[in-house]
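Let's take a walk through this structure together. Keep the 3D view open and turn it as you read.

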Amino acid sequence: MEFTLISLLNGVTYGLLLFMLCGGLTLIFSMMGILNFAHASFYMLGAYLAFQLSAWLGFWPAFFLAPPLVGVAGALVERYGLRRAHRHGHVAELLFTFGLSFLAVEMVQLVWGKAVVDYRVPPSLEGTLFTLYSTSFPVYKGFMMLVSVGMLALLAALLAYTRTGLIIKAALSRPDMMQALGHDVPRIFTLVFAGGAALAGLAGVIGGNAFVTEPGMAAAVGPIVFVVVVVGGLGSLLGAFVASLLIGILQTFMVGWDYSIIDVARLFGMQLHSTSALTRLSLTQLAPIMPYLLMVAILIFRPRGLMGARS
Amino acid sequence: MSFVLSLLSRIGIMTIFALSYNMLLGQTGLLSFGHAVYFGLGSFATLHLLNALVAHGLPVSITLLPLFGGLAGLAFGLLFGFFTTRRAGTTFAMISLGIGEMVASSSLMFPAFFGGEGGITGNRVTGRGLFGIDYGTPLQMYCLIAAWAALCLLLTYGLTQTPLGRLANAVRDNPERVEFIGYSPHSIRYRMVALAGFFAGIAGGLSALQYEIVTAEALSDHLSGLVILMAFVGGTGTFYGPLIGAALVTVLQVAVASVTPAWPFYFGLVFLLIVLYAPGGIAGLLVQHKAVWQAGLLRRLLPAYLVAALPGAAVLLGTVAVVEMAYARGPERGDARLHLLFLPLDARSAVSWVLAAAAIAAGILLLKIASKQVAERWESVHAALAEAPR
Amino acid sequence: MSAAPALRLSGLCKSFGNAVILKGVELTIAKGERHAIIGPNGAGKSTLFDVISARLPASSGSVALNGEDVSGLGPLAIHRRGLSRSFQITNIFPSLTVFDNLRCSVLWSLGYRYSFWNRLARLRDARERAGEVLEQIGLQRRRETLAGVLSYAEQRALEIGITIAGGASVLLLDEPTSGMSRSESDEAVALIRKVTAGKTLVMVEHDMSVVFGLADRISVLVYGQILATGTPAEIRASAVVQEAYLGKSFTHA
């Protein structure tokens with residue numbers, strides 16, 4: 001019970017953070033048809049900027065400054081890189097963001113080095129929020145949840161009640177209609193790209209100190225972000241939300257469960273006696289590839305994704 | 001000598017790998033981000049077979065062993081390709097990445113097969129050489145690689161001249177129409193992925209024999225990225241483009257890495273520039289200029305190129321200065337002073353930074369003007385080419 | 001040959017969400033017939049072609065090709081059973097040469113499947129068949145040109161060439177002369193007459209001179225239903241058709 005509750009809380013926290021990353025990617029992918037390989041790089045950039053700014057100015061200024069700065073970086077990338085690559089087609093766009101993600105890692109190493117940087121949770125957010133049975137739940141996790149939920153509520157409100165939001169929502173299901181309706185498509189693209197980058201940056205700001213801030217952090221989360229988009233389904237923010245939570249919770253539980261596949265089979269009344277490497281694997285060991293297995297399963301049984309409107 | 005041989009051997013292996021990759025990107029229009037999977041699995045399979053044969057005292061033919069790597073690549077191509085090729089475009093790219101990550105992360109889960117962090121090792125000298133060829137020397141190994149590379153080159157070229165090869169081009173151009181000439185785009189893509197897996201597996205098998213060790217690095221996204229770089233820099237629009245790319249990138253990797261630790265940064269930058277400004281790669285540029293040269297119009301372009309070269313050099317020099325100074329200042333390096341060609345730079349002095357930045361800014365400004373010139377010249381050349389009888 | 005009609009559509013319906021585009025199309029087209037489908041814009045002519053050729057799934061109803069029910073089959077299965085279509089918006093392989101466009105289109109019918117062991121250059125029958133089609137569509141001089149750089153009229157001719165190359169017995173041509181000048185469209189009519197000799201032709205066409213010049217029979221599709229079917233003379237004389245369609249657009253068509 002204790003394990004279940006705590007894992008659930010941790011999983012939801014992680015899932016919400018994932019969604020902050022994936023939400024922007026889904027928006028960009030659905031509207032512009034661009035799979036932004038460098039999206040996780042914005043997450044990394046957010047963490048590093050927050051680290052640097054909090055060293056200079058303290059955590060709170062960094063918390064409010066870093067995401068907009070990442071957003072500006074996103075806008076510049078869209079305006080001066082992607083738009084040019086777009087002339088050469090989707091493959092060029094994809095390769096451009098691929099090269100950019102590579103360059104981002106090198107750039108971060110150039111400035112901050114290859115080692116883990118000391119980006120910490122601020123003292124004001126340290127400590128225990130509450131204790132469940134014997135496990136304590138840190139204040140900072142509560143803060144992460146609060147920020148994620150708050151940001152998502154704000155985003156949902158923007159999408160539901162502003163003119164630009166409505167256009168973006170319409171464009172999600174029918175991207176070809178946008179131009180026909182006479183909207184300034186390039187401007188909206190830049191806006192969405194910058195917004196998505198800023199969201200990823202915010203995820204980096206609050207995730208970087210909860211986990212680690214290092215040059216490998218983008219590569220660690222990048223592929224999972226794509227899995228979320230595939231599993232959730234193209235063009236569906238809700239799908240991405242559900243997939244983020246699903247993957248967040250599943251992965252957290254699997255890391256905590258030290259059962260092997262034999263144990264799981266016994267649970268279902270099957271007696272496996274094999275001593276092969278496969279059956280001796282524990283769920284903990286399987287956790288890193290779980291998202292990919294899920295993706296392959298989705299592709300086989302439901303190629304549109306959980307809630308995809310289009311295939 | 002052995003340095004040259006080992007470089008040539010690596011070029012040979014990478015040539016096969018890049019050719020295999022271009023069967024997908026260039027010929028079928030499939031952008032894969034996980035091609036190292038087939039290379040790596042071919043590597044592991046080859047070395048395991050070698051070790052098993054030796055352990056059981058069975059006869060081993062090192063000459064033919066890479067074929068087994070190819071078969072392993074083919075088998076996994078058949079397995080994974082079935083899921084990945086249902087869709088093309090961005091979705092294919094994403095799925096190939098997912099499969100690549102899945103295989104790469106499983107490598108740590110099955111240490112019995114993948115050997116964990118240390119990888120697995122073997123010994124290619126089994127003492128049963130025919131005609132005294134036991135592949136004990138780098139030269140003999142190089143000859144084996146060269147022979148396989150030549151064979152793969154012939155086979156992959158031959159493939160472009162078959163019905164499947166041409167239909168792959170058709171799928172790349174217009175998958176919808178392919179269905180209305182009686183073909184399934186999925187089946188065509190599936191076959192191409194499987195065959196590309198075969199050639200990647202051969203490259204992996206040769207790599208296993210060459211280095212006598214295979215680690216998870218052979219499955220990694222690094223290697224997948226490297227082969228994209230090779231194919232794209234060389235040019236995916238032509239058959240021989242990836243050959244140029246494989247040779248050039250491999251040589252540069254060694255050459256630039258020996259001069260500066262910042263080489264991955266430069267590689268990334270060059271890659272981005274090619275994506276943005278010359279998406280046909282080096283081969284694409286060659287093809288463009290070949291037509292101009294044959295028409296005897298190259299003289300019209302050269303002056304504009306020369307004018308553009310000067311600010312180009314300034315931007316290059318400035319960028320290199322900034323990158324090198326940043327590295328020198330960075331946490332990994334102690335000495336902030338360095339020499340760039342004849343220029344002494346000091347990463348701690350503001351003057352050096354300002355000078356570098358000024359070179360970049362002025363260079364970019366002038367380059368913009370010069371590029372207009374180049375574009376005008378190109379237009380005149382195009383006009384002249386269009387008038388000339390075909 | 002059996003007596004079954006080349007194409008029989010029964011109760012064919014297609015809707016997108018709430019929008020019903022085809023409302024139970026009934027049509028029988030005999031073997032060897034040249035049949036034109038006319039109708040005002042938005043009547044569902046292109047959708048009808050898409051449903052017959054399985055580019056879109058039908059909502060209900062059935063399609064029988066040479067007596068065989070082909071409902072629910074995919075485009076390539078239908079193509080392999082002898083129905084080939086062209087597209088209103090040119091749909092070719094732009095970076096292949098004209099000759100390779102045609103050669104790819106004949107491969108399946110000659111049984112080469114997905115062969116990766118035959119050399120294309122050695123396949124005499126494929127070369128000859130593609131050469132014949134090339135001659136029929138009059139693009140011999142453009143044989144090695146990339147299809148993407150052809151002129152518009154040449155691309156339209158190639159579009160027809162790709163459609164007929166596989167030797168299908170039933171041909172669906174979607175506005176083969178759209179966007180052409182008078183002289184170009186006269187040439188196209190001659191071309192269509194030549195290449196469809198002995199085959200069943202169904203075409204959607206807006207140009208009435210083309211329709212009345214080529215078709216043995218004409219069907220009028222209005223609001224997703226066949227209003228009338230008959231010979232050109234009958235259609236011209238039909239009061240229903242006059243009222244519903246021709247009366248308005250005949251003059252400016």
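**A helix on the inside**

Start with α9 of chain B: 25 of its 27 residues are buried, so the helix is largely enclosed by the rest of the structure. To call a residue buried here, you need 20 or more other C-beta atoms within 10 Å of its own. Bear in mind as you look around that this is a predicted model.

Now follow α9(B) from end to end. From first C-alpha to last, its 27 residues reach 38 Å, which is close to the 39 Å expected at 1.5 Å a residue. Right after α9(B) comes B:E212, and its phi is positive, near 60°.

Zoom out to the whole of chain B. You'll find 15 helices and 4 strands in its secondary structure. Its C-alpha trace spans about 70 × 60 × 40 Å along the principal axes. Chain B has 390 residues, and 48% of them count as buried. What about contacts between residues at least 6 apart in the sequence of chain B? Of these, 78% join residues that are at least 24 apart.

Chain B is also split into two domains: domain 1 covers 2-259, and domain 2 covers 295-387. Taken over C-alpha atoms, the centres of these two domains of chain B are separated by 36 Å.

For a contrast with that enclosed helix, hop over to B:I369, which sits in helix α15 (residues 350-387) of chain B. Is B:I369 buried or exposed? It has 11 C-beta neighbours inside 10 Å, so B:I369 counts as exposed. Look at B:V307 too: B:I369 and B:V307 are 62 residues apart in sequence, yet their C-alpha atoms are 9.8 Å apart in space.

Next, see how chain B meets the other chains, beginning with chain A. Here 34 residues of chain B are in contact with 37 residues of chain A. On the chain B side, the elements giving two or more residues are α4 (89-106), α10 (221-234), α12 (263-277) and α14 (298-329). Which of them gives the most? That's α4(B), with 11 residues. Sorted by class, this side of chain B has 23 nonpolar, 8 polar and 3 charged residues.

Chain B also touches chain C, in a contact that takes 24 residues from chain B and 29 residues from chain C. Our enclosed helix turns up again here: α7 (163-173), α8 (175-179) and α9 (185-211) of chain B each supply at least two residues to this side. The most come from α7(B), which gives 8 residues. By class, the side of chain B that touches chain C divides into 10 nonpolar, 8 polar and 6 charged residues.

Finally, cross over into chain C and look for its open sheet of 6 strands. The order is β6-β7-β8-β3-β9-β10, and the pairing is mixed. The edge strands are β6 (83-85) and β10 (225-230) of chain C, each pairing on one side only. On average, neighbouring strands of this sheet are turned by 20° against each other, direction ignored.

Within the sheet, β3 (residues 34-38) and β9 (residues 217-222) of chain C pair in the parallel sense over 4 bridges. In β3 and β9's part of the sheet, you can spot C:H35 standing opposite C:R217 in β9(C). Helix α1 (residues 45-52) of chain C packs on the sheet, touching β3, β6, β7 (170-174), β8 (200-204) and β9 of chain C. The direction of α1(C) makes about 145° with that of β7(C).

Definitions and conventions. Residues are numbered from 1 along each chain as its sequence is written. Chains are lettered from A and ligands numbered from 1 in the order in which they are written. This is a predicted model: local features need pLDDT of at least 70, side-chain atom pairs count only at pLDDT 80 or more; totals for chains, interfaces and linings use all residues. Two residues are in contact if their C-beta atoms, placed from the backbone, lie within 7 Å. Ala, Val, Leu, Ile, Met, Phe, Trp, Tyr, Cys and Pro count as nonpolar, Asp, Glu, Lys and Arg as charged, and the others, Gly among them, as polar. Domain bounds come from an automatic or database domain assignment. Two strands pair if DSSP finds at least two bridges between them. Axes are lines fitted to C-alpha atoms, for helices over the stretch in contact, and angles run from 0 to 180 degrees between N-to-C directions. A residue is buried if 20 or more other C-beta atoms lie within 10 Å of its own, exposed if 12 or fewer, and partly exposed in between; C-beta atoms are placed from the backbone. The expected span of a helix is 1.5 Å times one less than its number of residues.
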